[in-house]
Amino acid sequence: MSTEKSEEFYSRLKEQLTETSKWPSNYLYKFIVLSDSDNSDKINKIFDNTGAVINSKKSKNGKYTSMSITVNMKNPDAVIEKYKEVGKVKGVISL
């Protein structure tokens, strides 16, 4: 499902985050995982001890779970670092 994002993507994201937000700032991550996998646990561990507020919601048929994670990040590099960590988990869709 998930594909490795290119460095070009991350450099554009960093530029956008720098221009549109004052740091430190709250950032909202959104991910979709298969409900019957342990991916939501893996994502929870990645954001463990960060003060993140994590909301999960199953799809109507229960096959997928959407995760919304709000966390205070110190700069765009920290935001991108979390995306790269989550990107290592197979089967996660980043929105």
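Buried means under 20% relative accessible area, exposed means over 50%, and partly exposed lies in between (1.4 Å probe, protein chains only). Helices (H or I, at least four residues) and strands (E, at least two) are DSSP runs, numbered from the N terminus.

This is a predicted model: local features need pLDDT of at least 70, side-chain atom pairs count only at pLDDT 80 or more, and totals for chains, interfaces and linings use all residues. Residues are numbered from 1 along each chain as its sequence is written, and side-chain values use heavy atoms, with hydrogens and water left out.

**Stop 1: the sheet**

Switch to a cartoon view. Look for an open sheet of 4 strands, in the order 2-3-1-4, with antiparallel pairing. Two strands pair if DSSP finds at least two bridges between them. Strands of a sheet pair through backbone hydrogen bonds, either parallel or antiparallel. Now find the edges: strand 2 (53-58) and strand 4 each pair on one side only.

Select strand 1 and strand 3 together. They pair in the antiparallel sense over 10 bridges. Click Ser25, and look across to its bridge partner in strand 3, Met73. Then click Ile32, whose partner in strand 3 is Ser66.

Add strand 4, residues 93-94. It runs antiparallel to strand 1, with 2 bridges joining them. Here Phe31 has Ser94 as its bridge partner.

Next, go to strand 2. It is joined to strand 3 by 6 bridges, again antiparallel. Val53 has Thr70 as its bridge partner in strand 3. Follow the chain through the hairpin of strand 2 and strand 3, which has 5 residues between the strands. Stop at Gly62, which takes a positive phi near 80°.

**Stop 2: two faces**

Show the side chains of strand 3. Which residues make up its covered face? They are Thr65, Met67, Ile69, Val71 and Met73. The uncovered face has Tyr64, Ser66, Ser68, Thr70 and Asn72.

Do the same for strand 1, where side chains alternate. Ser25, Tyr27, Tyr29, Phe31 and Val33 point to one face and are buried. Asn26, Leu28, Lys30, Ile32 and Leu34 point to the other and are not.

**Stop 3: the core**

In soluble globular proteins, nonpolar side chains tend to be buried together. A nonpolar core is a set of buried Ala, Val, Leu, Ile, Met, Phe, Trp, Tyr and Cys residues joined through side-chain atoms within 4.5 Å.

Here the largest nonpolar core has 21 residues. Select Tyr29, Phe31, Ile43, Phe47 and Tyr83, the ones with the most contacts inside it. Two or more residues come from each of helix 1 (7-20), strand 1 (25-34), helix 2 (39-46), strand 3 (64-73) and helix 3 (76-87). Helix 3 gives the largest share, 5 residues.

Contact means heavy atoms within 4.5 Å. Zoom in on Ile43. Leaving aside neighbours within four places in sequence, Ile43 is in contact with Phe31, Val33, Met67, Ile69, Val86 and Val92.

Move to Leu17, in helix 1. Is Leu17 buried or exposed? It is buried, because its relative accessible area is 7%. Leu17 and Pro76 are 59 residues apart in sequence, yet 5.9 Å apart in space, C-alpha to C-alpha.

**Stop 4: the rings**

Rings of Phe, Tyr and Trp (its six-membered ring) pair if their centres lie within 6.5 Å; planes under 30 degrees apart count as stacked, over 60 as edge-to-face and the rest as tilted. By this rule there are 8 aromatic pairs. Why is the pair of Tyr29 and Phe31 stacked? The ring centres are 6.0 Å apart and the planes are at 15°, so the pair is stacked. Select Tyr27, Tyr29, Phe31, Phe47 and Tyr83, which form one aromatic cluster.

**Stop 5: lysines over rings**

A charge sits over a ring if NZ of Lys or CZ of Arg is within 6 Å of the ring centre and within 35 degrees of the ring normal. Click Lys82, in helix 3. Lys82 lies over the face of Phe47, at 5.6 Å from the ring centre. Lys82 is buried, with a relative accessible area of 13%. Finish at Lys84, which lies over the face of Tyr10, at 5.0 Å from the ring centre.
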